[in-house]
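Please keep the sequence and the three-dimensional view side by side while reading, since the paragraphs below move back and forth between the two.

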Amino acid sequence: MIRVLICDDHEMVRKGIRSWLDTEQDIEVIAEAQSGRDAIEYVNSLRPDLLLLDLHLPDMHGIDVIKSLREKQNNIRIIVMTGYEKQRAKSVLEAGANGFLNKEESRTRVLEAVRWAASGEEGTWISPSIAGELVQSGKAIELAELTRSELRILALLEHSNSEIAEILFLSEGTIKNHVSNIYSKLGVSARTPAVEWAKKNGILESKRK
């Protein structure tokens, strides 16, 4: 069971997120907090697996909540949710958050983020709409929410799908599905901008002759 604490000063937002999570058999919302101090207290007393944290709270900024928890060596998984402070993503991650989620994301994407965080997998979960801004700010490829398989395919994206399938010993259909997921996660709709993204992050392999 994934034990989740939701911290947001807007009751409607808290209840909305909770309604999504409460329908899942493997997720339990154990508490709701509407201030940073409440969130810290609940983390210390209830020991949830995951904190879904808003940045704008009535008593302290969400980044300060993260720093406070990390200074106390608390290794709780933290995903920040915001609707309009995308430019703070770099600072949020540097403070110690495990992910940065746009509040406009779909229910499916939110559930994916929760389960990813609870799995303990290394890396960072970033909403596709925010990933592009992190690229511009110089953050590395690991901030893009891509799996290892997707990264491997992205590195070969100057090849055709059939060529990539041959190189990786996979079916062309599997490659096509991975490429579609890559586009979605990078917030692009074509191969050229995805290739440019890979070039900017230094992961694109030279095309094989």
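P193 lies in helix α10, which spans residues 191-200. In this predicted model, P193 has a relative accessibility of 34% and therefore counts as partly exposed, because that value falls between the 20% below which a residue is called buried and the 50% above which it is called exposed. Ten residues separate P193 from Y183 along the chain, and their C-alpha atoms are 9.0 Å apart. Y183 itself belongs to helix α9, which covers residues 172-186.

From this helix one can step back to the whole chain, which contains ten helices and six strands. The protein chain has 209 residues, and 49% of them count as buried. If one takes the contacts between residues at least 6 apart in sequence, 64% of these join residues at least 24 apart. The chain exposes about 10400 Å², and carbon and sulfur atoms supply 46% of that area.

The six strands form an open sheet with parallel pairing, and reading across it gives the order β2-β1-β3-β4-β5-β6. At the edges stand β2, residues 27-33, and β6, each of which pairs on one side only. Helix α1, residues 11-22, packs on this sheet and touches β1, β2, β3 and β4, while its direction makes about 165 degrees with that of β2. As a general matter, strands of a sheet pair through backbone hydrogen bonds, in either a parallel or an antiparallel arrangement.

Strand β5, residues 99-102, deserves a closer look, and one may ask which of its residues are buried on each side. G99 and L101 are buried on one side and F100 and N102 on the other, so both faces of the strand are covered, each of these residues having under 20% relative accessible area. Strand β4, residues 77-82, runs parallel to β5 and is joined to it by four bridges, and among the paired residues T82 has N102 as its bridge partner in β5. Towards β6, residues 125-126, β5 again pairs in the parallel sense, here over two bridges. The chain passes from β5 to β6 through helix α5, residues 107-119, and this β-α-β crossover is left-handed. In β6, W125 is the bridge partner of G99, and I126 is that of F100.

Packing against part of this sheet is helix α3, residues 62-71, in which G62, I63, V65, I66, S68 and L69 are buried. These buried residues pack against helix α2, residues 36-46, against strands β3 and β4, and against helix α4, residues 89-95. Two of them, I66 and L69, are among the residues with the most contacts inside the largest nonpolar core, together with L51, L53, V80 and V92, and this core has 26 residues. The elements that give two or more residues to the core are β1, β2, α2, β3, α3, β4 and α4. With neighbours within four places in sequence left aside, V92 is in contact with L55, I63, I66, V80, A97 and F100. A second, separate core has 19 residues and includes V4, I6, M81 and L101. In soluble globular proteins, nonpolar side chains tend to be buried together.

The end of α3 leads to a group of loop residues. Helix α3 is followed by Q73, whose phi is positive, near 60 degrees, and N74 is found in the loop between α3 and β4. Is N74 buried or exposed? With a relative accessible area of 10%, N74 is buried, because this value is under 20%. Apart from neighbours within four places in sequence, N74 is in contact with V43, N44, R47 and L69. Among these contacts, R47 lies in the loop between α2 and β3. R47 is exposed, because its relative accessible area of 53% is over 50%, and R47 has a positive phi of about 55 degrees although it is not a glycine.

A further non-glycine residue with a positive phi is F169, at about 60 degrees. F169 lies in the loop between α8, residues 161-168, and α9, and its relative accessible area of 76% is over 50%, so F169 counts as exposed.

Technical notes: Residues numbered from 1 in each chain as written. Predicted model: local features only at pLDDT ≥ 70, side-chain atom pairs only at ≥ 80, totals over all residues. Heavy atoms only, no water. Buried < 20%, exposed > 50% of the residue type's maximum accessible area, 1.4 Å probe, protein only. Pairing = 2+ DSSP bridges. Right-handed = clockwise from strand over helix to strand, strands pointing away. Contact = heavy atoms within 4.5 Å. Areas by Shrake-Rupley, 256 points an atom, 1.4 Å probe, with all protein chains shown as cover. Axes fitted to C-alpha atoms, helices over the stretch in contact; angles between N-to-C directions. Core = buried A, V, L, I, M, F, W, Y, C linked by side-chain atoms within 4.5 Å.
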